[in-house]
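Trainee: I should like to understand how terms such as "buried" or "paired" are justified in a structural description. May we go through them one at a time?

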Amino acid sequence: MVGSDELMSGTGSRLRLMAVHAHPDDESSKGAATMARYVAEGAEVMVVTCTGGEAGSILNPAMDRPEVLANMSAIRREEMAKAAKILGVQHRWLGFVDSGLPEGDPLPPLPEGCFALTPLEEPVRELVKVMREFRPHVVLTYDENGGYPHPDHIRTHEVSMAAFDAAAEPDKFPEAGEPWQALKLYYMHGFSRARMQAFHDALVEAGLESPYAEWLGKWDPDRADVMERVTTRIECADYFEVRDEALKAHATQIDPNSRWFFVPLDMQRRVWPTEEYELVRSLVDSTLPEDDLFAGVREKVNT
């Protein structure tokens, strides 16, 4: 691998952040306020979406119409464009086909040609192309469980990890552009037990109904909370409203009357004003815990 300093040909440019997601709407439900904050601070941010979300169900009753279902692929692309504009991010599609979430016992096979069954090298090559074009300093992706065990989320993790390394290797996919070494890679962590408990307690104290009671009651006490893995908490409460507007742009997937919006924004800002990440790869020095995804990177890049 070429040394990271040698690959830092982007010095003197803006900080760049890339978030790799499985489906359109994932970017708005995972780390959206963080991205909006960094955009507002002058960083360049790109969302890469691996699939078109074609297999997604219509989760908003107001959009459950035959003409919407018949044009799901085109509509989800329109929704993604609206969300990207709201967040102020650049966007790229990798172009793979949504695998869907298999249900049943036993689970049915995944559809032929879907993202989760595509040979790993193909999406890695496509992501390497985008990485070498955009040249991110920091990359965000899912953990080894995909955040939750959707086959496309797990595949996104595998592709992101492989591309993070391959993008810096001159002999890997030489047709995909000049090598680029990103400096940090994080897993995005969202739905922790600690977060749900904090919101539940705040709602109950305020005399409001909590949508988290059932989840907390069913939580396996032997299951570790992802907060135990978190290394980095980003203050982004000022951008929760932007996050929510981006979510609502995905109208086929997000019901504006759903649990996503049950906790009042002022309560969210007071009780849990951060989004959480786990630093898993770093080529720079930074002290844990962190409050900045670019900690240690800012010293490398003259912004």
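Mentor: The following exchange sets values for this structure against the definitions behind them. The model is predicted, so local features need pLDDT of at least 70 and side-chain atom pairs count only at pLDDT 80 or more, while totals for chains, interfaces and linings use all residues. Residues are numbered from 1 along each chain as its sequence is written, and side-chain values use heavy atoms, with hydrogens and water left out.

Trainee: How many helices and strands are there in the chain?

Mentor: The chain has 11 helices and 7 strands. Both are DSSP runs numbered from the N terminus, helices being H or I over at least four residues and strands E over at least two.

Trainee: What radius of gyration would a compact globule with 303 residues have, and what does the chain have?

Mentor: The rule, 2.2 Å times the number of residues to the power 0.38, with the radius taken over C-alpha atoms, gives a value near 19 Å; the chain has 19 Å, so the two agree. The C-alpha trace spans about 55 × 45 × 40 Å along its principal axes.

Trainee: Why is the pair of Tyr38 and Phe294 called edge-to-face?

Mentor: A search of the whole structure finds 5 aromatic pairs. In the pair of Tyr38 and Phe294 the ring centres are 5.1 Å apart and the planes stand at 90°, so the pair is edge-to-face. The definition asks for centres within 6.5 Å between rings of Phe, Tyr and Trp (its six-membered ring), with planes under 30 degrees apart counted as stacked, over 60 as edge-to-face and the rest as tilted. This pair links distant parts of the chain, since Tyr38 belongs to helix H3 (residues 32-40) and Phe294 to the segment after strand S7 (274-282), 256 residues apart.

Trainee: Why does Tyr38 count as buried or exposed?

Mentor: Buried means under 20% relative accessible area, exposed over 50%, and partly exposed in between (1.4 Å probe, protein chains only). Tyr38 has 1% relative accessibility and therefore counts as buried. Phe294, at 0%, is buried as well. Of the 303 residues of the chain, 52% count as buried.

Trainee: How is strand S1 (residues 16-21) covered?

Mentor: Strand S1 is mostly covered, with 6 of its 6 residues buried. Arg16, Met18 and Val20 point one way, and Leu17, Ala19 and His21 the other way. In a regular strand the side chains alternate between the two faces of the sheet.

Trainee: What makes S1 and strand S2 (residues 44-51) a pair?

Mentor: Two strands pair if DSSP finds at least two bridges between them. S1 and S2 have 6 bridges in the parallel sense, and Val47 in S2 is the bridge partner of Ala19. S1 also runs parallel to strand S4 (residues 138-141), joined by 3 bridges, and there Leu17 stands opposite Val138.

Trainee: What makes Arg135 a charge over the face of Trp180?

Mentor: The definition requires NZ of Lys or CZ of Arg within 6 Å of the ring centre and within 35 degrees of the ring normal. Arg135 lies over the face of Trp180 at 5.3 Å from the ring centre. Lys248 lies over the face of Phe261, at 5.1 Å.

Trainee: Which residues does His250 touch, not counting residues up to four places away in sequence?

Mentor: Contact means heavy atoms within 4.5 Å. His250 touches Pro24, Asp25, Glu27, Ser28, Glu79, Met80 and Ala83. His250 lies in the loop between helix H10 (240-249) and helix H11 (265-271), and its relative accessible area of 0% makes it buried.
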